[in-house]
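Dear colleague,

I am handing over the structure below, together with notes on what was found in it. Please read the notes alongside the coordinates, since they follow individual residues and their surroundings.

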Amino acid sequence: MTRTAMGGETLDPPAGSVGDEAVLRLEIQGASKHFAGVAALKDVSLSVRAGEVHAVLGENGAGKSTLMNIATGTLQPDEGEIRVGGEVAATLTPARATALGIAIVHQHPAVMPDLTVQENLQVALPAAAFAGGARQAAERMLARVGLEVDLADRVETLTLAERHLLEIAKAFAVDPRVLILDEPTAPLGNDASELLFDLVRSAVAEGTSVVYITHRLAEVRELADTVTVLRDGRLRGNAVVADISDQELLNLIVGRELESTFPAKSGGDGEENLSVEGFSGPGFGDVSLVARRGEIVGVAGVVGNGQSQLLRGLAGLEETSGTVSVGGRRLDHRELLGEAAYMPADRITEGLMRSLSVRENAALSALSSFRSAGFLSRRREVSEVRGSLGSLSVRAPSLEAPVSALSGGNQQKVVISRALLADPPLLLADEPTQGVDVGARSEIYTILRAASERGVPVIIASSDAKELEGLCDRVVVMSRGRVVETLVGEEVTEERIVSAAVTSTAETVSAAAARRATRSSRLRRFVEGDYSPSALLVVLMLALAAYITPGNERYLSAFNISNVLLAATAIGFIALGQNLALLTGGIDLSVGPLAGFLVVVSSFYVLDRSGPAKVLLGFVLMVLVAAVVGLVNGSLVRFARFTPIAATLTLYIALGGFAFLLRSTQGGYISLGFQNAVNLRFGPLPVAFVVFVVLAVVMELALRRRRWGWRLRGVGSDEDAARRVGIDVDRTVIGAYVCSSLLAFLGALMFMGQYGIGDPSQGSAFTLTSVTAVVLGGTSLLGGRGTFIGTLAGAVLLQQLLNATTFLGLGSTSQYYFQGLLILVAAVVYTLARSRRRGRPAAG
Amino acid sequence: MATTLEQDRPQLAAGRTWASKGLVTIGTATVILFVLSALLDRASVSGTSLSGMLPIAAVLAIAGLGQMLVVQQGGIDLSVPGAISLALVVITHVPDGDSSKLGVAVLIALVLAVAAGALNGLLIGTMGLNPIIATLGANAVLYGVNLQISGGRPRITTRLMGDIGGGSTLGVPNSVFFAIATLGLVTLVVKRTVAGRRFEAIGANQRAARAAGLRVRTHRTATYVWAQLLYCLAGILVAGITSQPTAFAGDTFLLPSIAVVVLGGTSLLGGRGFPLPTVIAAVFLQQLVQLVTVLGFSAAISPLVQAAALAVGVSLYTIDWRSILARRPRPPAAAGAPAAGTG
């Protein structure tokens with residue numbers, strides 16, 4: 001291929017020059033895609049031959065991801081045709097793409113942190129991939145990508161690089177015909193990258209086609225046979241890698257058309273007003289930079305190379321070392337946090353309070369200056385905010401409009417207005433024009449330039465090199481957390497910036513990507529594992545028994561033990577259901593009143609004088625009611641978007657009402673035969689308790705070994721990742737609420753045996769008791785983490801404790817203290833243990 | 001501020017602070033309820049009826065305002081019953097009928113409230129415990145203290161407390177004035193002070209608040225102290241309204257306190273609080289109970305109506321009824337967006 005064939009808008013089918021039509025594995029012809037009227041892709045074609053590595057190059061926003069989303073069926077193109085293995089794939093869906101042998105490794109791994117490595121593999125891959133021993137198959141998958149972790153390790157303990165390797169392992173495991181790798185080496189160290197390259201080469205040798213998206217020319221040189229370059233959603237050209245020079249490739253990547261106008265630069269002859277020296281933090285190291293009055297400093301680099309972290313560090317949001325001086329005054333961490341104005345790249349989650357008004361958002365950082373006599377002066381606030389927003393030309397219906405109703409550009413201006421109103425010593429903006437329309441961009445540039453001219457040092461991180469060229473007087477280029485180039489004045493050009501970023505061979509310094517020193521030991525894994533709370537509870541139970549037994553011979557009597565176990569069984573069934581809800585990240589407050597209501601229902605049917613048909617009808621009705629309640633709970637949560645608390649609280653109140661509707665006072669004696677059956681015991685051991693234990697064990701096994709359990713915990717652990725690996729989230733969650741209600745039905749059977757009468761006022765207290773038992777068992781209220789064995793132990797311990805107070809003659813006061821302190825201590829211990837494991841403070 | 005200000009740029013309309021959706025909804029519902037009450041049975045809006053309903057509504061309003069503060073921070077407070085019960089037990093047991101000791105009793109109740117709030121606040125705001133667990137545990141501990149003081153036995157309230165909490169001024173129950181004063185105070189502090197505005201911003205988006213340099217932990221911790229102080233006031237009033245309150249009298253306020261917050265339009269996910277609608281919702285719920293009682297329905301009807309009101313109230317905020325009624329499918333781009341639900 002010659003240079004003439006790669007010229008600007010040339011769109012001749014490239015396939016003819018690079019290979020035989022017959023061996024084209026994946027072919028995209030003339031694909032276009034628009035988002036809200038803006039073209040993300042325009043008439044782009046891509047041809048991938050069998051057994052080649054095809055690199056796709058381009059800057060951020062060039063359309064690479066859109067193209068790959070089309071190739072994997074995640075997006076449907078507006079125009080264009082996709083052929084897989086020579087056949088036209090009319091409408092490609094993710095499932096169809098997988099069936100056709102297309103696999104993708106996303107930039108952000110779709111893994112669920114609370115599941116183990118093994119479980120993550122098994123929930124995401126078809127069962128066929130594990131034929132002949134799941135463990136061995138999983139070991140092979142890990143060995144293939146050189147991932148040295150234990151299959152039983154929880155993914156949350158893995159480093160970013162290890163998670164990435166896991167994601168790669170999943171893709172290679174299905175032996176795809178087309179493998180798409182989206183910047184796979186970004187978080188990997190040199191060794192892992194080399195290993196990945198070897199893997200890619202051996203896969204290619206076996207006939208797999210690899211599409212390799214990257215920013216790094218060195219990787220293209222090392223790995224790829226052919227290369228396609230995109231820019232601004234258009235095809236810039238393609239070539240055989242061996243036939244094209246780095247300079248020629250660079251020319252294809254850069255040269256975006258200028259969309260916005262930039263304000264004049266300062267010239268930079270003022271005094272030095274910003275100095276950063278030896279500044280290090282998570283994700284970046286040893287950064288030094290200076291700026292003169294009136295200069296805007298740009299931070300450049302391929303996305304994810306420490307630019308955002310550097311800005312966060314300068315904003316005082318991360319633990320850092322090194323010095324930052326503004327205008328000669330040294331600012332420590334606390335001062336930076338309090339004074340520096342930081343505009344995050346992610347406006348939605350970190351920049352704006354979406355439910356609050358434009359005024360409230362803009363005024364936030366400057367509230368103290370609107371104070372008069374202790375209270376906010378509405379008049380002053382409105383006039384200052386209005387003045388600021390006016391000077392930034394913010395277009396909004398009114399000051400009181402919710403900020404979420406504004407366009408991206410105007411939202412960003414509100415964030416800028418907040419920063420400027422506070423009169424900050426330092427202005428930090430991360431991707432200030434992302435998602436902002438062209439017109440507003442120019443205005444934002446002007447605003448930032450004006451702030452800089454007033455003497456406020458302005459630092460801007462942007463992945464758009466053209467923008468930095470137009471706006472900045474000084475640019476530092478980062479790669480893998482380090483500054484690899486500093487450009488000043490005339491040197492600040494898109495080409496120099498991109499060149500420095502893509503040709504860097506720096507190795508990652510990020511702490512997150514560092515390999516863990518050792519594999520975790522067996523003991524350590526147990527202590528950090530799900531079963532340590534259960535073990536702790538068993539120890540507590542034994543200790544309690546050992547303390548009470550001497551001097552209380554009745555304590556270990558068959559009668560006392562069976563009473564405790566029967567009570568524990570009743571609450572335990574309900575707690576098992578509660579555990580299901582908590583595992584999905586929800587909560588089911590309705591279980592207590594539901595159990596109470598079901599007992600009331602039974603008091604009309606399960607009577608001594610009822611015939612078998614009537615009794616059966618009663619049980620059928622109870623099951624039906626329970627199932628309907630579960631369905632309503634689940635549907636309110638998933639489809640009506642109630643929070644689990646609101647949804648199940650509604651049912652909680654309603655079920656209490658229904659119970660009183662059926663019976664205003666106690667009444668309806670439950671059949672004695674049934675009561676005896678429920679309370680049947682052999683020595684100290686009630687049959688019902690045995691059933692409870694068996695059920696808990698079976699559910700535990702299903703939770704660990706079956707797809708049902710992985711799905712349940714996966715949804716609770718990371719709903720988005722769960723969806724991406726193909727879990728039906730709605731079905732999983734609604735199913736959990738239905739099962740929870742059915743378990744409340746089992747609890748109701750026990751209460752029928754214990755109370756023997758329909759009592760409308762019973763029930764509601766069981767909700768909180770069930771939550772207590774589940775939490776004692778170590779289930780996290782954040783979802784994704786917990787055991788049924790722990791729930792079993794929690795229920796028994798709770799009843800043992802209540803029983804113990806009578807033996808110790810402590811009275812009801814101590815019951816409350818015990819229950820309260822037990823749950824608080826358990827929660828504190830578990831929370832601290834978990835937060836330490838995750839290596840970050842418990843509260844955000 | 002900005003030197004680039006150009007004089008000809010359009011000024012943003014100040015915009016009046018619109019009556020919130022919650023205020024309109026619950027306000028309308030309450031008016032309809034009272035009209036309905038008058039039509040169905042005049043007795044349900046008689047002076048006797050109102051003077052029986054309003055004190056309880058006032059207590060619920062005050063407890064609801066405390067719950068609102070917690071909900072604004074994305075939390076939920078299950079220690080409401082323990083807190084109210086403890087306060088009323090301290091107020092009835094410490095003076096033991098001696099009005100001169102009432103001051104001391106109030107002081108003790110306040111100290112206990114601050115301690116309980118600090119416990120919740122430290123556990124949740126500082127240590128990051130889940131609010132449900134922490135307040136559940138705190139509730140049990142509060143009842144432990146309660147039973148230690150009371151032994152579970154009720155005691156007759158002091159005459160002075162009865163006069164203050166249960167009496168009337170100008171024909172209006174005194175508790176109503178307490179509720180109005182609390183409403184004014186909460187509104188003023190949350191909406192008109194620097195700390196209050198920061199508090200709301202933190203509730204609306206903790207991460208953004210942190211990025212803006214606000215002291216997130218301090219605010220979240222203090223939230224639970226303020227809430228406990230309000231529950232304490234509610235408990236003191238119960239001690240005045242009821243001549244011989246039981247040691248568990250606070251239990252009946254837990255669910256309604258959450259319900260009034262939700263009905264008032266405050267999102268359970270946190271953010272902006274709506275004090276006035278919360279107070280109106282308390283009146284609404286209590287009048288509903290009153291109407292049902294006067295009409296002679298089974299007591300079961302009122303929880304059912306409350307549940308229905310809650311469901312309708314939440315779905316008003318979470319479901320996009322307009323697009324459903326218009327039978328227009330949601331745009332595909334929005335369908336994949338994370339749920340921005342309220343309730």
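A:Asp175 is exposed, with a relative accessible area of 51%, where exposed stands for over 50% relative accessible area, buried for under 20%, and partly exposed for what lies in between (1.4 Å probe, protein chains only). This is a predicted model, in which local features need pLDDT of at least 70 and side-chain atom pairs count only at pLDDT 80 or more, while totals for chains, interfaces and linings use all residues. Residues are numbered from 1 along each chain as its sequence is written, chains are lettered from A and ligands numbered from 1 in the order in which they are written, and side-chain values use heavy atoms, with hydrogens and water left out.

**Salt bridges within chain A**

The side chain of A:Asp175 meets that of A:Arg144 in a salt bridge, at 3.4 Å from N to O; the term requires a side-chain nitrogen of Lys or Arg within 4 Å of a carboxyl oxygen of Asp or Glu. Because A:Arg144 lies in helix α5 (residues 134-145) of chain A and A:Asp175 in the loop between α6 (160-173) and β7 (178-182) of chain A, the pair ties together parts that are 31 residues apart in sequence. Helices (H or I, at least four residues) and strands (E, at least two) are DSSP runs, numbered from the N terminus. A:Arg144 is partly exposed, at a relative accessible area of 34%.

A second pair is A:Lys466 with A:Glu494, whose closest N and O atoms are 3.8 Å apart. This salt bridge links distant parts of the chain, A:Lys466 being in helix α17 (residues 465-471) of chain A and A:Glu494 in helix α18 (residues 494-503) of chain A, 28 residues apart, and both residues are buried.

A third pair is A:Glu700 with A:Arg704, where the closest N and O atoms are 3.0 Å apart. These two are separated by about one helical turn, because they are four residues apart in helix α26 (residues 687-705) of chain A. In general, an α-helix has 3.6 residues a turn, so residues three or four places apart point the same way. Both A:Glu700 and A:Arg704 are buried, and salt bridges that share partners join them with A:Asp114, A:Arg154, A:Glu156, A:Asp530 and A:Arg785 into one network. Over all chains, the count comes to 38 salt bridges.

**Two buried residues of chain A**

A:Ile574, which is found in helix α21 (residues 558-583) of chain A, is buried, with a relative accessible area of 0%. Leaving aside neighbours within four places in sequence, A:Ile574 is in contact (heavy atoms within 4.5 Å) with A:Val591, A:Ala595, A:Leu743, A:Ala744, A:Gly747, A:Phe751, A:Phe766 and A:Ser770. A:Asn803, in helix α31 (residues 788-807) of chain A, also counts as buried, at 16% relative accessibility. Not counting residues up to four places away in sequence, A:Asn803 touches A:Tyr555, A:Asn560 and A:Val564.

**Chain B**

Chain B has 15 helices and two strands, and of its 343 residues 54% count as buried. Among its contacts between residues at least 6 apart in sequence, 78% join residues at least 24 apart. Helix α4 (residues 102-126) of chain B has 25 residues and reaches 34 Å from its first C-alpha to its last, close to the 36 Å expected at 1.5 Å a residue, the expected span being 1.5 Å times one less than the number of residues. The buried residues of α4(B) include B:Leu102, B:Ala105, B:Ala109 and B:Ala113. The helix is followed by B:Gly128, whose phi is positive, near 80 degrees.

**Between the chains**

In the interface, 84 residues of chain A are in contact with 84 residues of chain B. The two chains bury about 7300 Å² between them, 67% of it on carbon and sulfur atoms; buried area is the accessible area (1.4 Å probe) that two parts lose on being put together, summed over both. The count between chain A and chain B is three salt bridges, and one salt bridge joins the side chains of B:Arg272 and A:Glu360 (3.1 Å, N to O). Helix α32 (residues 811-837) of chain A supplies the largest share of the side of chain A that touches chain B, 13 residues.

Best regards
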